[in-house]
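Here is a walk through a structure for someone meeting it for the first time. Keep the view open and turn it as you read.

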Amino acid sequence: MSERKWIATFAAVSGWLGWAPSAGAHRLDEYLQATRLSVSIDRVDLVIDLTPGAAIANKVLAWIDTNGDGRISDAEARAYAEEMLRSVTLKVDGLPAPVELVASSFPEWSDVRLGVGMIRLQAVAKIPPAGAGHHVISFLNTHRPESGVYLVNALVPDNPSIQLGQPRRDYAQRGMTLDYTVGGAVSDVPRTWALLALAILVGSLRLALRRRAPLLTVNE
Amino acid sequence: MFRTRFAFAWTGLAAVLAVAVLLPTVIHSQQPAASRPPDTSAAVTPKVVGAANAFLASLSAAERAKCTFGFNSSQRTGWSNLPTGIFKRNGARLGDLTPQQRSAALALVAAALSREGYQKVTDIMNGDEVLKGTGGGRTGGKQDARGPGGGIRFGRDEYYMALLGNPSTTEPWMIQFGGHHLAINVTVVGANSVLTPSLPAAQPARYVLNGQTIRPLGRENDKGFALINALNSRQQKRAILNYAVNDLVLGPGNDGKVIQPEGIPCSELDSRQQSMLLDVAHEWVGILNDEAANAKMAEIKANLAKTYFAWSGSTKNGELAYYRIQGPTVVIEYAPQQGDLDHIHTIYRDPTNDYGARLVHP
């Protein structure tokens, strides 16, 4: 995708995401960083909600507004989003899975000053298609640990063939390790059995009809 | 003859086998995550519709236009726990209503909720009036601090009523009542009503009014601590998460998300502990009118084996702790904010039936 196209997409999706209502309390001196992971066969989607507390709003603004003009340009927003994502390490089965920014939305700065403005980053890590069996994802967020408080959770996958295990985290929830299995167990096996059963049923009915026809003729 | 009988016997056996294999597969594939909830409050809906129509009749045409929305409008998900001045609410602001209109609005809330639920709503609103008088708590916003919607405002006047769809005993419609630390979303579909998602919260968590100590979410706190302390050490080890949970995971703006359940499954609790957990859940479920709440409790009970209880923090009542109840049709979170015991947020969701989704699109 060309740079211009990327920026256009970025801006459009940012605008679309902008409606999302702010969450949570009016934070003070904490920088809440809440991540949700969605695991698919060939990708891991991340949504990261960043809510700076009111008492550190100016500090966070300074991190983003690098030219100090008091406003956040698209370039500054994108640069900060990418900087944040560089603090995120994602591994699948022990191999690094690079996380790429998909979209972001930045709140009104007046909201941030009250501790309710939420920056939302949408990112994706494309991974080699996971085969049947056991897999492990590890996630670590080291962004701004001096003020960061963290949440990280895995969403139940839409694909029923992916079964998540119990997540394991460090006390601060900066990191999470998650076992999951991909299997025919949930989606493929019932379908196979159903097709086999259907074949037996159809075959049996055909056989019955073929056998029954002369018998009825004899009875008449 | 023998061949014919043999063929029939084989065919019969094969057919039985095929049906035995097919039937569970078909049932499995057609079974929704949770079945349609049973019809409940046949007697309640007409009363709620009557109260809604009485409220609407008390308003001028202009006032009515301000607080009525399409059932599928974006207003449905546009709720928040934040105070006026930070979050812009649509609807009829209690402070702008005449005493008669205000009474009609509150009568509608009372008609849709249980007596205890209405009391909880009143306690939360009165708490916000206390917050107004004290200029804000240790955590959270300060009264009159500048916000995008003007200065932050607390108090009983800052609660809003909105109606989505036309009040009806047959067609879906919704009551949305909320303000700072309160979001009540009641979707009415025929004889059924649904309270999810809703957000009861409290700041201050304890205050004195007319000589009485009020704790709007006191039972939620005490029953949670009683439950975790009713578990034996092996069960506590399963229930207590080894990490801090600093906020609601599925707060406002997180509709439709299902996180991986954690903690102890209720199948590992004894019957007394299970009853205690149901009693905790009832603190949220029972905000809604008794008939609808009873039906919802029966649904939660039926899914109890697949319901989890997770705890993070101290097990000593009076200290900081977060807890979560999560089952196929319920998510409840209780979360003190930023280390402040006087500032509690909670959320009540049904991932299969938020805004009555199962009833509206069965």
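Let's start with one pair of residues and work outwards: B:Tyr323 has B:Tyr334, in strand E15 of chain B, as its bridge partner. What you're looking at here is a predicted model, so keep that in mind throughout. The two strands behind this pair are E14(B) and E15(B), which form a hairpin with two residues between them. Five bridges hold that pairing, and the two strands run antiparallel.

Now look at the other neighbour of E14(B). Strand E13 (residues 308-313) of chain B pairs with strand E14 (residues 321-327) in the antiparallel sense, over six bridges. You can pick out some of the partners yourself: B:Tyr308 is matched with B:Gln326, and B:Phe309 with B:Ile325. Strands of a sheet pair through backbone hydrogen bonds, either parallel or antiparallel.

Zoom out a little and the whole sheet comes into view. It is an open one of five strands, in the order E12-E13-E14-E15-E16 of chain B, with antiparallel pairing. The edges are strand E12 (264-265) and strand E16 (340-349), each of which pairs on one side only.

So how enclosed is E14(B)? Seven of its seven residues are buried, so the strand is largely enclosed by the rest of the structure. In a regular strand the side chains alternate between the two faces of the sheet. Both faces of E14(B) are covered: B:Ala321, B:Tyr323, B:Ile325 and B:Gly327 are buried on one side, and B:Tyr322, B:Arg324 and B:Gln326 are buried on the other.

Time to step back to chain B as a whole. The domain assignment splits it into domain 1 (44-200) and domain 2 (209-360). Where the two domains of chain B meet, domain 1 puts in 34 residues and domain 2 puts in 31. On the domain 1 side, helix H5 (115-134) and strands E7 (182-189), E8 (192-194) and E9 (199-200) of chain B each supply at least two residues. The largest share, seven residues, comes from H5(B). As for character, that side of domain 1 of chain B divides into 13 nonpolar, 16 polar and five charged residues. The centres of the two domains of chain B, taken over C-alpha atoms, are 24 Å apart.

Another helix of chain B to look at is H4 (residues 99-112). Does its length add up? At 1.5 Å a residue, its 14 residues should span 20 Å, and its end C-alpha atoms are indeed 20 Å apart, which agrees. Among the buried residues of H4(B) are B:Arg102, B:Leu106, B:Leu108 and B:Val109.

Chain B also has a few backbone oddities. The peptide bond from B:Thr196 to B:Pro197 is cis, with omega near -5 degrees, and B:Pro197 sits in the loop between E8 and E9 of chain B. The bond from B:Gln203 to B:Pro204 is cis too, with omega near 0 degrees; B:Pro204 is in the loop between E9 and strand E10 (207-209) of chain B.

Then there are residues with a positive phi that aren't glycines. B:His181 has a phi of about 65 degrees and lies in the loop between strand E6 (173-179) and E7 of chain B. B:Asn210 has a phi of about 50 degrees and lies in the loop between E10 and strand E11 (212-214) of chain B. Which of these is buried and which exposed? B:His181 is buried, because 27 other C-beta atoms lie within 10 Å, whereas B:Asn210 is exposed, with 6.

Over to chain A, which has five helices and eleven strands. Of its 220 residues, 34% count as buried. One spot to visit is A:Val156, in the loop between strand E8 (148-154) and strand E9 (162-164) of chain A. With 16 C-beta neighbours inside 10 Å, A:Val156 counts as partly exposed. Leaving aside neighbours within four places in sequence, A:Val156 is in contact with A:Leu164 and with B:Val258, B:Ile259 and B:Gln260 of chain B.

Finally, how far can you trust the picture? The predictor gives the complex an ipTM of 0.80 and a pTM of 0.81. Chain B averages a pLDDT of 88, and 84% of its residues score at least 70. Residues 13-41 of chain B are another matter, as pLDDT stays under 50 there.

Notes. Residues numbered from 1 in each chain as written. Chains lettered and ligands numbered in written order. Predicted model: local features only at pLDDT ≥ 70, side-chain atom pairs only at ≥ 80, totals over all residues. Domains from an automatic or database assignment. Contact = placed C-beta atoms within 7 Å. Helix = DSSP H or I, 4+ residues; strand = E, 2+ residues; numbered from the N terminus. Nonpolar A, V, L, I, M, F, W, Y, C, P; charged D, E, K, R; others polar. pLDDT = per-residue confidence, 0-100. Expected span 1.5 Å × (residues − 1). Buried ≥ 20, exposed ≤ 12 C-beta atoms within 10 Å, placed from the backbone. Pairing = 2+ DSSP bridges.
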